[in-house]
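Welcome, and thanks for taking a look at this chain with us. Please open the sequence and the model side by side before reading on.

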Amino acid sequence: MQQFTNSDVELLKRETVYHGFFQIDKLTLKHRLFEGAWSPAIERELVIRRRAAACLLYDPSEQLVGFVEQFRVGALEEDSPWLVETVAGLVEPGESTEDLMRRELKEEAGVEVSQLIPVCDYLVSPGGSSEHMSLFCALVNLKDAGGIFGVAEEGEQTRLVTYPLADILTNLYTGPWRNATTIVALQWLALNKDTLLG
């Protein structure tokens, strides 16, 4: 079976059409077809995002899972644009994904990490975005945890919420978590919880 690489794509033109919190580039390109020929020139818009990381909070001693609840503009047309999700952030220049997660866990959830476990890396929505996600699970103490956090200068306010693991496992696909990163993290936890000792 043929394996394609970047050399099987010919970028004909690239133009930045928007630059704000995100950047949008308009690309004109051709790519190799499975039969070996080249495609006609096609145009695509690409949302350029810095590398991201996200982290599920888990307390194996108390059998609690922690999330942050916060406003998300992408859910504006849903019943509620406040989502229950993993702690997440964008990597700053020179920062590792592990350093980002330790910083974000303090800023968004007010917790210190005892252990940070890599889960997986994946492309979030490669049909139109360059976003690359590194997913982690943080072992933390969630007993009596809660509160309001966030970085006010960034317009960020988060609320730390916890759920019993047993409730999550029975509501894995029907709970209040409505984004793919959180569901991937919970699926990983369901498969690996017995190896995470408290």
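The notes below go from the whole chain to its sheets, its largest pocket and two residues of one strand.

This is a predicted model. The chain's secondary structure comes to three helices and 11 strands. Of its 198 residues, 39% count as buried.

**The chain as a whole**

- Following the sequence, you will meet the elements in the pattern β-β-β-β-β-β-β-α-β-β-β-β-α-α.
- The C-alpha trace spans about 60 × 45 × 35 Å along its principal axes.
- Among contacts in the chain with a separation of 6 or more, 54% come from residues 24 or more positions apart.

**The three-stranded sheet**

- One open sheet holds three strands in the order β1-β2-β3, and their pairing is antiparallel.
- Its edge strands are β1 (9-19) and β3 (42-48), each of which pairs on one side only.
- From one strand to the next, the twist averages 25 degrees.
- Nine bridges link β1 with strand β2 (residues 23-31) in the antiparallel sense.
- To find this pairing in the model, start at Leu11, whose bridge partner in β2 is Leu29.

**Strand β9 and its partners**

- How many residues of strand β9 (residues 132-139) are buried? Seven of the eight are, which leaves the strand mostly covered.
- β9 runs parallel to strand β4 (residues 52-59), and seven bridges join the two.
- A handy marker for the β4 pairing is Ala54, with Leu135 as its bridge partner in β9.
- With strand β8 (residues 115-123), β9 pairs in the antiparallel sense over eight bridges.
- For the β8 pairing, look at Asp121, whose bridge partner in β9 is Ser134.
- As a reminder, strands of a sheet pair through backbone hydrogen bonds, either parallel or antiparallel.

**The largest pocket**

- The largest pocket contains about 1400 Å³ of space.
- Its lining is made by 39 residues, and those nearest the centre are Phe21, Phe22, Arg49, Arg72 and Glu85.
- At least two lining residues come from each of β4, β5, β6 (82-85), β7 (87-90), α1 (97-109) and α3 (180-192).
- Which element gives the most to this lining? That is α1, with four residues.

**Glu69 in strand β5**

- Glu69 is found in strand β5 (residues 64-71).
- Is Glu69 buried or exposed? Its relative accessible area is 18%, so Glu69 counts as buried, since the cut-off for that class is under 20%.
- The side chain of Glu69 makes a polar contact of 2.5 Å with the side chain of Arg159.
- Leaving aside residues up to four places away in sequence, Glu69 touches Trp82, Leu83, Val84, Gln157, Thr158, Arg159 and Val161.

**Phe71 in strand β5**

- Phe71 also lies in strand β5.
- Phe71 has a relative accessibility of 39% and therefore counts as partly exposed, the class between under 20% and over 50%.
- Beyond residues up to four places away in sequence, Phe71 touches Leu76, Pro81 and Trp82.
- From Phe71 to Arg14 the C-alpha atoms are 33 Å apart in space, and the two residues are 57 apart in sequence.

How values were computed
Residues are numbered from 1 along each chain as its sequence is written. This is a predicted model: local features need pLDDT of at least 70, side-chain atom pairs count only at pLDDT 80 or more; totals for chains, interfaces and linings use all residues. Side-chain values use heavy atoms; hydrogens and water are left out. Buried means under 20% relative accessible area, exposed over 50%, partly exposed in between (1.4 Å probe, protein chains only). A polar contact is a pair of N or O atoms within 3.5 Å; within protein, one must be able to donate a hydrogen and the other to accept it, and residues adjacent in sequence count only if both atoms are side-chain atoms. Contact means heavy atoms within 4.5 Å. Two strands pair if DSSP finds at least two bridges between them. Axes are lines fitted to C-alpha atoms, for helices over the stretch in contact, and angles run from 0 to 180 degrees between N-to-C directions. On a 1 Å grid over the protein atoms alone, a cavity is a set of points where a 1.4 Å probe fits but cannot get out, and a pocket is an open set with protein on both sides within 12 Å along at least five of seven lines; lining residues have an atom within 4 Å of a point. Grid points are joined across faces, edges and corners, and a volume is the space filled by probe spheres set on the points.
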